[in-house]
Structures are given as structure tokens and as C-alpha cells.
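Okay, thanks everyone for squeezing in. I've got one structure to walk you through today, so let me put it up on the screen.

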Amino acid sequence: SSGINAEYGNKHDEAPPSPFSLAPHEDLIRRCFSAGSVTEILHRLQEDGSQFALKLLENLRRMSPRSLVITHQLLSSAAGRSYEECFRREFNAAHQIVRSGEFTEGVRALLIDKDNQPQWNPARIEDVTPDMVQEYLTVSISNRIWEPLKI
């Protein structure tokens, strides 16, 4: 025991953890991200107008609109579900996203061509319809034939 303490030190001798970096923005994050839709989240960030909110807005606007809406739906519907069901739904959605071309387009834009100009379909969050998202939330890969991923 003394050898371990000598080698690694005592826990109580460690410096205290640094403060949570998002602490000054917690109220804004709660206020904006509690919205019922991604479109409303973007509206609230724009309305807030702070430097932090506008940077978040800029980052979100670069992401796949369809994937943002799917992620929001998964998070919003997680309450009351078991961890297993949440993980299964997220895994199924991720599998569908990879197969849809959204993931491939992101890889192309960021890693292959490095043009940082992904061509999302649809291009705007406001154009994502419930029908576009529904298959990602309901299709179970366990009921599908596994096919090679085409990149």
C-alpha cells in the first residue's frame, strides 16, 4: 500500500479540478436547448445574440440537418425508456445515417476533399420533414439484411 501511495501520491494531495468551462453559459444552454425542435433551438440562439450563442449557432448550421433532427428526436424521446431501448434506437439510427450518405458526405467534405463544404440533403434544418426522420427512429437493423457499406 505504501508503495502505491509513494508512486502515485495520495488523492487528497491532488490539485482541485478546474471549474466547469461551460458554467457561465448553463442558463443559456438550458434555455435554448430545452426547445421542442432544432429549428426552435436555432431561433433561440439567434435571439440570444451573445457571442457564445452565435458561435453555437454557426457550429450547428455546419452539421447535417437531418442528423441534428434525428439526434434531437432521440434525446427528446429518451425519457421513460430503458437504457437498452435508448442504446438500441441510437445504434439503429446511427446505422441508418451511415447508410443514407450523410455520414459519407461529411467524411468527404472534412477528410477526403477537405473543402469543408458538405452538400447535405436537405441543406437546411427547416427543410427536414418528419417523414425524412421517421425511418431512422423506427427501422431496426436486426430485421434487415446486412449489406456491405458503400463509400
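Before I point at anything: when I say helix here, I mean a DSSP run of H or I with at least four residues, numbered from the N terminus. With that in hand, R89 sits in helix α6, and we'll come back to it. Keep in mind that what you're looking at is a predicted model.

Overall picture, then. The chain has eight helices and zero strands, so reading along the sequence you just get α-α-α-α-α-α-α-α, by that DSSP definition. Of the 151 residues, 26% are buried. Among contacts with a separation of 6 or more, 56% are between residues 24 or more positions apart.

Let's start with α5, residues 65–76. Twelve residues at 1.5 Å each should span 16 Å, and the end C-alpha atoms are indeed 16 Å apart, so that agrees. Which residues of α5 are buried? P65, R66, S67, L68, V69, I70, H72 and L74. As for what covers them, the list includes α3, α4, α6, α7 and α8.

Now on to α6, residues 83–100. The expected span for its 18 residues is 26 Å, and the C-alpha atoms at its ends are 25 Å apart, which agrees. Its buried residues are C86, R89, N92, A93, H95, Q96 and I97, with α5, α7 and α8 among the elements covering them. Just after α6 you hit G101, with a positive phi of about 105°.

Back to R89, as promised. Is R89 buried or exposed? Its relative accessibility is 15%, and the cut-off for buried is under 20%, so R89 counts as buried. Setting aside neighbours within four places in sequence, R89 is in contact with L74, S77, R81 and L137. L74 is one of the buried residues of α5 we just went through. Also, the C-alpha atoms of R89 and T138 are 7.8 Å apart, although 49 residues separate them along the chain.

Quick word on cysteines. C32 is buried at 1% relative accessible area, and C86, over in α6, counts as buried too, at 14%. How many disulfides does a search of the whole structure find? Zero.

Next, the loop between α7 and α8, where the backbone gets interesting. K114 is in that loop, with a positive phi near 55° in a residue other than glycine. K114 counts as exposed, at 59% relative accessibility. N116 is in the loop as well, again a non-glycine with a positive phi, this one near 50°. At 46%, N116 counts as partly exposed. And then P122, also in that loop: the peptide bond joining N121 and P122 is cis, with omega about 0°.

Last stop, the largest pocket, which holds about 290 Å³ of space. Its lining is N59, R61, R62, M63, S64, S67, G106, L110, N116, P118, W120 and A123. The elements giving two or more residues to that lining are α4, residues 51–62, and α7, residues 102–112. α4 gives the most, with three. By class you have five nonpolar, five polar and two charged residues. You'll spot some familiar names in that lining: N116 is there, the one with the positive phi, and so is S67, from the buried set of α5.

That's my tour. Happy to rotate the view if anyone wants another look.

Note on methods
Residues numbered from 1 in each chain as written. Predicted model: local features only at pLDDT ≥ 70, side-chain atom pairs only at ≥ 80, totals over all residues. Heavy atoms only, no water. 1 Å grid on protein atoms, 1.4 Å probe; cavity = no way out; pocket = protein on both sides within 12 Å on 5 of 7 lines; lining within 4 Å. Points joined across faces, edges and corners; volume = space filled by probe spheres on them. Nonpolar A, V, L, I, M, F, W, Y, C, P; charged D, E, K, R; others polar. Expected span 1.5 Å × (residues − 1). Buried < 20%, exposed > 50% of the residue type's maximum accessible area, 1.4 Å probe, protein only. Contact = heavy atoms within 4.5 Å. Disulfide = S-S within 2.5 Å.
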